Amino acid sequence: MAISYTWSVEDLPRKTNTDAVVAVKIKVTATEGSNTAFITNSLGLADGDPTSSDWINYSDLTEAKCLEWIKAAFTGLEDDMQTIAAAALKEKTSAPSITNGKPF
């Protein structure tokens, strides 16, 4: 079965005087069958300019737009994050490397 990935925004730290988002806290969930694992990361963004023609008011932001920013700003991020999430899933679902017991 193939692993599927879900990206979500966990938080949007922002400046209170301009409502400019300065970071996006993301979560990447890897799912295979009924097993899931996730990783989180916080990625900083350059200061936006509220007078810019492409400015989006904080109240008008969508999760899709925030994820678009992240994936565009950090080349290779999508593959890297999904690789790490897949490793977390593999670790979670593999046989434990430590066990209890006695040889006598």
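The sheet in this predicted model is open, with three strands in the order 1-2-3 and antiparallel pairing. In general, strands of a sheet pair through backbone hydrogen bonds, either parallel or antiparallel.

Which strands stand at the edges? Strand 1, residues 4–11, and strand 3, residues 35–44, do; each has a single partner strand, so one side of each has no neighbour in the sheet. From one strand to the next, the twist averages 25°.

Now the pairing of strand 2, residues 23–32, with strand 3. These two run antiparallel and are joined by 10 bridges. To pick out one of them, A30 has A37 in strand 3 as its bridge partner.

Next, the helices. Helix 1, residues 63–73, packs on the sheet and touches strand 1, strand 2 and strand 3. The direction of helix 1 makes about 105° with that of strand 1. Helix 2, residues 77–93, also packs on the sheet, touching strand 1, strand 2 and strand 3; its direction makes about 145° with that of strand 3.

Last, the salt bridges. How many does the structure hold? Three.

One joins E68 and K65, with the closest N and O atoms 3.0 Å apart. Both residues are in helix 1, and because they are three residues apart there, about one helical turn separates them. E68 is partly exposed at 46% relative accessible area, and K65 is partly exposed at 26%.

Another links the side chains of E78 and K71, at 3.5 Å from N to O. E78 is partly exposed, at 35%, and K71 is partly exposed, at 31%.

Then there is D19 with R14, at 2.9 Å from N to O. D19 has 31% relative accessibility and counts as partly exposed; R14, at 39%, counts as partly exposed too.

Note on methods. Residues numbered from 1 in each chain as written. Predicted model: local features only at pLDDT ≥ 70, side-chain atom pairs only at ≥ 80, totals over all residues. Heavy atoms only, no water. Pairing = 2+ DSSP bridges. Helix = DSSP H or I, 4+ residues; strand = E, 2+ residues; numbered from the N terminus. Axes fitted to C-alpha atoms, helices over the stretch in contact; angles between N-to-C directions. Contact = heavy atoms within 4.5 Å. Salt bridge = Lys/Arg side-chain N within 4 Å of Asp/Glu carboxyl O. Buried < 20%, exposed > 50% of the residue type's maximum accessible area, 1.4 Å probe, protein only.
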